[in-house]
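Please look at the contacts between the parts of this structure. The report takes the interfaces in turn, then the sheet and the salt bridges.

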Amino acid sequence: MFITFYKEAVECGFPSPARDFTEGSIDLNEELIPHPNSTFVVRARGDSMIGSGIYPNDLVIVDRSLKFRNGSVIIAVVDGELSIKILKIQDKQISLSSANKNYSDVLVSEEMDFTIWGVCTYVVHTLSPVNK
Amino acid sequence: MHKKVFALIDCNAFYVSCERVFNPKLNNRPVVALSNNDGCIIARSKEAKALGIKMGVPLFKVKDIIQREKVIVFSSNYTLYADMSRRVMNVISEFAPSIEIYSIDEAFIDFTGARLNYEDYARSLRATILKCTGIPVSIGIGTTKTLAKIANHIAKDDETLDGVYSLVDIKSIDNILEQTEVGEIWGVGRQLSKKLISQGIYNAKLLKYCEDHWIRKMMSINGLKTVTELRGISCLPLQEISATRKSCCTTRTFGRPLMKIEDVEQAMTTFARRATERIRDEGLVASSVSSFLRTSPFDRGNKYYSNSDSITLGDPTCDTILIINAALSIVRRIFKEGYKYKKGGVLLSGFYVEGEEPQSLFSSVKKKSSNLMLAIDNINQRYGNDTIQIASECQAANWRQKRKNCTQSYTTQINKLLLV
């Protein structure tokens, strides 16, 4: 993804003097995916994370190399099932919550097969679809 | 001078591990992946190995076990595996100044002169690869590539080792070589191992102490290198991306615009054959095949279309038939009805010097095929090019690859992403 970026605002009517200030382009790959080897893009399904701004069909950028902490939006693996959740760590008790009050928290117990697949970093949500 | 130190990083059941990253339900269950056309089993999870499913066995021979034990079967998804391989290799490159990517799931790195605890460093490399990509690897370390390979086998087989094993500074190396069958030694193929066993040389220690002139007689000059490496003297250096050519492309503008897939296939078959002849001439084998097609960009009356794709071959090859098959399978994927195709081409890349490519399970089959190729080249040289052609050049062969249980291209196609 390359978007030409002008430092100065472009003026109307005249051949733009801003041309002289071209500074290359914004590379969204570079901005959003600093660790390409460990970054994956997944597509969101369901409405459980709407409160965090993740809507059905959105693209979610996931970086496996990042450290998670309390409050991180993560891809959780519970008994082999992948889901996007908010990680809550309180007094060594881990729970997974959704960003939608219709879903209740899941307490992670010893018997559960639980791992963290990666940390969600950005969402790409379509506002006005553009024909390619 | 420093003693040489090499590490071999090998992904565990790589194709199965790739599938597991995107489907964690497969963890701890028996899983296998199939070769092109769903013919043979070419990757097995630990659980599938434990059921006695052998490497390379045709699928139909193990149908009963697969049904009874509910083994999960995948067609190979080379697009996914190639992308995951690229990620793994990139992570490895960040840990070492020089890397030899030996196959889709193996790489050698050179630790020579590094002031570090090799095993600790390897452990942190292993943990980083697992965290970043989800792929588990085993790492073997040795003073030669051949010994690193043996160390890797041990790292893989002994679960108490945490995936890392070093043969550097080990006093009892002969005890370990004694437990290594000759057939497991890097560079000793099936035929040779039979020959050696018939002479009473059935483990690596026995081979190590054979006399040079006898080895040269039995195993040729390359065999002597292997044995010298068993003795701890490095003679196979790291082969970074070599000075040999990196790609070979045959591309032409068609005599007239082609609209039928049969005609395009016929032309592309010829391109693939010519490119293959060229690399065979230079003693190379290719591990990647790309095809491209486009219409004329100057034809204003018709819509412009251009597309290309590539395939990573399971075994690097210079076999015309295999390369044509690969090139045509891409053509069938990128060909769209209703366009007037004006230009096309086939590009081969990912070269190895023939004989130095990763060992194949089916190396004896390959030998025969390369004799056939040599004969074809000779005839074409003597009686003019195109005397002998592959059937699809004259009439498009009507086959399609069988890939019944193939997963999606999770990492390379926006409309095939993993749903979470």
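What follows is a short report on a predicted model.

## Chain A against chain B

The interface draws 23 residues from chain A and 22 residues from chain B. The size of an interface is often given as the accessible area lost when the parts come together. Here the buried area is about 2,000 Å², with carbon and sulfur atoms giving 58% of that area. On the chain A side, three residues lose the most area to chain B: A:Asn37, A:Arg43 and A:Arg64. Together they make up 33% of what that side buries.

Polar contacts link 15 residue pairs between the two chains, both residues at pLDDT 80 or more. In chain A, the elements giving two or more residues to this side are strand 3 (39-43), strand 5 (73-78) and strand 6 (81-90). Strand 3 of chain A gives the largest share, five residues. By class, the chain A side holds twelve nonpolar, six polar and five charged residues.

## One salt bridge across the chains

Side chains of opposite charge can pair when their charged atoms come close. How many salt bridges cross the interface of chain A and chain B? The rule finds one. A:Glu81 forms a salt bridge with B:Lys25, and their closest N and O atoms are 3.1 Å apart.

## A sheet shared by both chains

Eight strands form an open sheet with mixed pairing. The order is 8(A)-7(A)-6(A)-5(A)-9(A)-4(A)-3(A)-13(B). Its edge strands are strand 8 (106-107) of chain A and strand 13 of chain B, each pairing on one side only.

Where do the chains join in this sheet? Strand 3 of chain A pairs with strand 13 (residues 418-419) of chain B. The two run in the parallel sense, over two bridges. A:Arg43 has B:Leu419 in strand 13 of chain B as its bridge partner. A:Arg43 is also among the residues of chain A that lose the most area to chain B.

Within chain A, strand 5 and strand 6 run antiparallel and are joined by six bridges. A:Ile75 has A:Ile84, in strand 6 of chain A, as its bridge partner. Both strands also give two or more residues to the side that touches chain B.

## Domains of chain B

The domain assignment splits chain B into domain 1 (1-170), domain 2 (175-242) and domain 3 (247-393). Between domain 1 and domain 3 of chain B, the C-alpha centres lie 31 Å apart. Their contact takes eight residues from domain 1 and nine residues from domain 3.

These two domains bury about 680 Å² between them, and carbon and sulfur atoms give 65% of it. The rule finds zero salt bridges across this interface. The count of residue pairs in polar contact is one, both residues at pLDDT 80 or more. On the domain 1 side, helix 4 (78-95) and strand 5 (99-103) of chain B are the elements that give two or more residues. Strand 5 of chain B gives the largest share, three residues. The residues of this side divide into six nonpolar, two polar and no charged.

## Salt bridges overall

Over all chains, the count comes to 17 salt bridges. One of the pairs in chain B is B:Lys156 with B:Asp10, with the closest N and O atoms 3.0 Å apart. This pair links distant parts of the chain, 146 residues apart. B:Lys156 sits in helix 6 (residues 145-157) of chain B, and B:Asp10 in strand 1 (residues 6-11) of chain B.

Technical notes:
Residues numbered from 1 in each chain as written. Chains lettered and ligands numbered in written order. Predicted model: local features only at pLDDT ≥ 70, side-chain atom pairs only at ≥ 80, totals over all residues. Heavy atoms only, no water. Contact = heavy atoms within 4.5 Å. Buried area = accessible area lost by both parts, 1.4 Å probe. Salt bridge = Lys/Arg side-chain N within 4 Å of Asp/Glu carboxyl O. Polar contact = N/O pair within 3.5 Å; in protein donor to acceptor, adjacent residues only side chain to side chain. Helix = DSSP H or I, 4+ residues; strand = E, 2+ residues; numbered from the N terminus. Nonpolar A, V, L, I, M, F, W, Y, C, P; charged D, E, K, R; others polar. Pairing = 2+ DSSP bridges. Domains from an automatic or database assignment.
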